[in-house]
Amino acid sequence: MTDSVLPDDIGGLAAKVVAENAAIGRKIAVAESCTGGLVAAALTEVPGSSAVLDRGFVTYSNEAKMESLGVASDIIETFGAVSIACVWAMAEGTLKNSNADVTVAISGVAGPDGGTELKPVGTVVFARSIRGDEGEPEGELKNFGQLSRAEIRRQATLCALELLLP
């Protein structure tokens with residue numbers, strides 16, 4: 001991708017997400033924590049993305065997750081912001097507060113600080129919710145290991161974009 005502020009691998013995948021979702025008339029929305037808007041930024045780098053991207057939420061703080069997406073405080077208190085339960089609630093809240101057909105939520109520990117024994121730096125959780133699907137959203141936990149903060153965020157962005165493919 002020429003003249004992009006983002007790396008080619010992210011730009012290329014974002015272009016594929018936009019093209020494939022546009023082809024089936026599907027709207028998407030994202031809720032981001034550790035990626036801080038990188039997924040939405042990647043999508044908006046693509047000409048024509050307005051046909052696909054409905055909105056993005058950057059809910060970096062726990063308060064933002066609760067206020068903007070309706071994540072229950074007991075989920076954060078019990079499981080933490082970096083948990084499948086939290087990203088499920090984020091994905092569902094994004095679906096509820098958008099016109100999207102599919103949503104992806106991301107939360108993680110990008111480091112270099114903030115990790116724990118149970119959730120070390122590099123732990124990132126994802127959830128995808130599709131309008132009209134019964135049951136819980138799909139969830140996934142990845143541990144990217146001891147990569148740099150930038151690389152953890154890059155890998156998380158790529159994973160989130162993959163989840164937005166039809």
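## Cys159 and its neighbours

A contact here means heavy atoms within 4.5 Å. By that yardstick, and setting aside residues up to four places away in sequence, Cys159 touches Phe126, Lys142 and Phe144. Keep in mind that we're looking at a predicted model.

Take Phe126: it sits 33 residues from Cys159 in sequence, yet the two C-alpha atoms are 8.3 Å apart in space. As for the setting of Cys159, the residue belongs to helix α6, which covers residues 149-163. Is Cys159 buried or exposed? Its relative accessibility comes out at 15%, and since the cut-off for buried is under 20%, Cys159 counts as buried.

## The sheet

Now for the strands. There are 5 of them in an open sheet, ordered β2-β1-β3-β4-β5, and the pairing is mixed. The edges go to β2 (53-58) and β5 (138-143); each has a single partner strand, so one side of each has no neighbour in the sheet. Going from one strand to the next, the twist averages 15°.

In general, strands of a sheet pair through backbone hydrogen bonds, in either a parallel or an antiparallel way. For β4 (residues 123-130) and β5, the sense is antiparallel, with 6 bridges between them. One of the bridge partnerships links Thr123 with Asn143 in β5.

## Helix on sheet

So where does α6 go? The helix packs on the sheet, touching β3 (102-108), β4 and β5. Its direction makes about 20° with that of β4.

Back to Cys159, then: this α6 residue has Phe126 and Lys142 among its contacts. Phe126 falls within the 123-130 span of β4, and Lys142 within the 138-143 span of β5.

Definitions and conventions:
Residues numbered from 1 in each chain as written. Predicted model: local features only at pLDDT ≥ 70, side-chain atom pairs only at ≥ 80, totals over all residues. Heavy atoms only, no water. Helix = DSSP H or I, 4+ residues; strand = E, 2+ residues; numbered from the N terminus. Buried < 20%, exposed > 50% of the residue type's maximum accessible area, 1.4 Å probe, protein only. Pairing = 2+ DSSP bridges. Axes fitted to C-alpha atoms, helices over the stretch in contact; angles between N-to-C directions.
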